[in-house]
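Biologist: I've got a model open and a pile of terms I don't quite trust yet. Can we go through some of them and see how each one is earned?

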Amino acid sequence: MAVFDRGYRGYDGPLTQPWSRFLVIARYAVRDVFASKVFIGFSVLSLIWPLALVGIIYLKYNVEALTILDLSTLDLIPIDTTFFRLGFLRPQTAFAFVMILIVGPALVSPDLRNNALPLYLSRPLDKSDYVLGKLVVLATLTSAVTWVPGLLLFALQSYLAGGRWLLDHWRIPLALFVGSWIFILVLSLFSLAVSAWVKWKPWARIAFLGAIFVFSAIGQIFKLIYGTWWGSLLVVDDLMVRVWDHLFGIESSQQIPALVAWIALAIFGAFSAWLLFRRIRAFEVVS
């Protein structure tokens, strides 16, 4: 049948740059995340401890305030590498872990369950854009509670303590930045991979948490029975702790060699990315 209607006109407006198209996915995903008041409340809660550390650092160098408030015990708190490693990074990565647990499994599983990937990938987007857009969501949320406030704390301490302290602790900002990003990328990729293979959000969260704890339990049992660090290869927390201690230049409680821990985390992240990309495709195979 002949078509005589010539009313259709192609879109001739401005085009989004190819390198930034993944931000469209990230923008709408972040909007959905912050539609939850519970998550907003948790995000605010996760910033209370950094604000408390700001108060400790400020009061430590404010003699008048220490005298008025009778807080002379703050002089006993050293602001050093251990302060940032154990006092800041450790608790804040715990908050970041909960964020990944809550948000990560909800990013990919609904798209797969509702067969929405063909709609995404029929646009000028490819697999990398889709994965990057989802990954940016987790990276943005967790960065806001890890390395960003950590660097601000370091800047405040450097300003109050002076240039000598800054020269003596130059590796702290690098360790905060790199250590946080290793944590963010490894666990975010694993969370997205689990979300891609387990299509229901509640089960995806359970699978993500269960996999980490089951492998950690097996690794700890292996260490106790054989008295060797090889079991730490199954314990993500042990690997993270060893890498963080290596970055901060402090003695580690983990016996696993630093190079082995770096390689193990790299393999774990790469394997998670491989699993994720295997599930991201523009068609569904039904057997």
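Biologist: Why is D168 called partly exposed?

Modeller: This is a predicted model, and in it D168 has a relative accessible area of 46%. Buried means under 20% and exposed means over 50%, so D168 falls in between and counts as partly exposed.

Biologist: And what makes R164 exposed?

Modeller: Its relative accessible area is 61%. The cut-off for exposed is over 50%, so R164 passes.

Biologist: How do you know that R164 and D168 meet in a salt bridge?

Modeller: Check the N to O distance, which is 3.6 Å. The rule asks for a side-chain nitrogen of Lys or Arg within 4 Å of a carboxyl oxygen of Asp or Glu, so this pair qualifies. Both sit in helix α10 (residues 163-168), and because they are 4 residues apart, about one helical turn separates them.

Biologist: Why would such side chains pair up in general?

Modeller: Opposite charges can pair when the charged atoms come close.

Biologist: What makes R90 and D237 a salt bridge?

Modeller: Same test: their closest N and O atoms are 3.0 Å apart, and the limit is within 4 Å, so they count. R90 lies in helix α5 (residues 81-103) and D237 in helix α13, so the pair ties together parts that are 147 residues apart in sequence. R90 is partly exposed at 32% relative accessibility, and D237 is partly exposed at 35%.

Biologist: How many salt bridges does that rule give?

Modeller: The count comes to 6.

Biologist: Okay, helices now. Why are α9 and α11 called roughly antiparallel?

Modeller: Their axes cross at roughly 170 degrees and come within 9 Å. Angles over 145 degrees count as roughly antiparallel, so the label fits α9 and α11. Residues making the contact include W147 and F154 of α9, plus I172 and W181 of α11.

Biologist: What makes F213 exposed?

Modeller: F213, in helix α12, has a relative accessible area of 53%. Exposed begins over 50%, so F213 makes the cut.

Biologist: Last one. Why can L233 belong to a nonpolar surface patch?

Modeller: Patch residues need over 30% relative accessible area, and L233 has 31%, so L233 clears that bar. L233 is found in the loop between α12 (201-226) and α13 (236-248). The patch is about 790 Å², and its other members include F222 and W230.

How values were computed:
Residues are numbered from 1 along each chain as its sequence is written. This is a predicted model: local features need pLDDT of at least 70, side-chain atom pairs count only at pLDDT 80 or more; totals for chains, interfaces and linings use all residues. Side-chain values use heavy atoms; hydrogens and water are left out. Patches are made of residues with over 30% relative accessible area and no salt bridge: like charges are joined within 9 Å, nonpolar side chains (Val, Leu, Ile, Met, Phe, Trp, Tyr) within 5 Å. Accessible areas come from the Shrake-Rupley method with a 1.4 Å probe; for residues, only the protein chains shown count as cover. Helices (H or I, at least four residues) and strands (E, at least two) are DSSP runs, numbered from the N terminus. Buried means under 20% relative accessible area, exposed over 50%, partly exposed in between (1.4 Å probe, protein chains only). Axes are lines fitted to C-alpha atoms, for helices over the stretch in contact, and angles run from 0 to 180 degrees between N-to-C directions. Angles under 35 degrees count as roughly parallel, over 145 as roughly antiparallel, 65 to 115 as roughly perpendicular and the rest as oblique. Contact means heavy atoms within 4.5 Å.
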